[in-house]
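Student: Could you take me through one part of this model up close? I'd like to see how it sits in the rest of the chain.

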Amino acid sequence: MVLVKSGHVTTHDENCQTKTYGPGEAFVESGTAPFMVSNESDTETAVDVATQVAPTGSAFRIEDDPPPCA
């Protein structure tokens with residue numbers, strides 16, 4: 001679960017679909033498909049807070065290449 005505190009971030013999913021989130025907006029990142037979150041501004045700093053939930057003993061991060069369009 002990710003909450004954007006300030007600035008804007010853009011999500012890029014495995015199908016190259018994008019969505020931009022601003023202050024006070026939230027999104028959920030889950031699953032095993034490639035996914036990327038970026039700050040696409042050259043002048044605006046983005047600040048977000050992420051809460052990660054995973055079963056005890058399991059890996060909570062999967063390293064993967066970003067989507068081809070990201």
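Tutor: Let's start with a term: a strand here is a DSSP run of E with at least two residues, and strands are numbered from the N terminus. With that in hand, keep in mind that this is a predicted model, and let's zoom in on Asp13 after a quick look around.

The protein chain has 6 strands and 0 helices, so its elements read β-β-β-β-β-β from the N terminus on, going by that DSSP definition. Along its principal axes, the C-alpha trace spans about 40 × 25 × 15 Å. Of the 70 residues in the chain, 19% are buried. Take the contacts between residues at least 6 apart in sequence: 56% of them join residues at least 24 apart.

Some of the strands team up. An open sheet is formed by 3 strands in the order 4-1-6, with antiparallel pairing. Its edge strands, each pairing on one side only, are strand 4 (26-27) and strand 6 (47-50). Strand 1 covers residues 2-6 and is joined to strand 6 by 4 bridges. You can spot Ser6 standing opposite Val47 in strand 6.

Now look for the largest nonpolar core: it has 5 residues, namely Val2, Val4, Val9, Tyr21 and Phe27. Pick out Val9 and see what it touches beyond its neighbours within four places in sequence: the contacts include Val4, Tyr21 and Phe27, along with Lys19, Val37 and Asp48.

Here comes our close-up. Asp13 sits in the loop between strand 2 (9-12) and strand 3 (18-21). Asp13 is buried, yet it has no salt bridge. Why not? A salt bridge needs a side-chain nitrogen of Lys or Arg within 4 Å of a carboxyl oxygen of Asp or Glu, and the nearest side chain of opposite charge, Lys19, is 11 Å away from Asp13, so that cut-off is not met. The side chain of Asp13 does have a polar partner, though: it reaches the backbone nitrogen of Asn15 at 2.8 Å. Not counting residues up to four places away in sequence, Asp13 also touches Pro34, Phe35 and Pro67.

For contrast, hop over to another loop, the one between strand 4 and strand 5 (36-38), where you'll find Ser30. Ser30 has a relative accessible area of 62%, and because exposed means over 50%, Ser30 counts as exposed. Ser30 and Ala59 are 29 residues apart along the chain, and their C-alpha atoms are separated by 13 Å. So one loop gives you a buried residue, Asp13, and another gives you an exposed one, Ser30.

Technical notes: Residues numbered from 1 in each chain as written. Predicted model: local features only at pLDDT ≥ 70, side-chain atom pairs only at ≥ 80, totals over all residues. Heavy atoms only, no water. Buried < 20%, exposed > 50% of the residue type's maximum accessible area, 1.4 Å probe, protein only. Lys, Arg positive; Asp, Glu negative; His and termini not counted. Polar contact = N/O pair within 3.5 Å; in protein donor to acceptor, adjacent residues only side chain to side chain. Contact = heavy atoms within 4.5 Å. Core = buried A, V, L, I, M, F, W, Y, C linked by side-chain atoms within 4.5 Å. Pairing = 2+ DSSP bridges.
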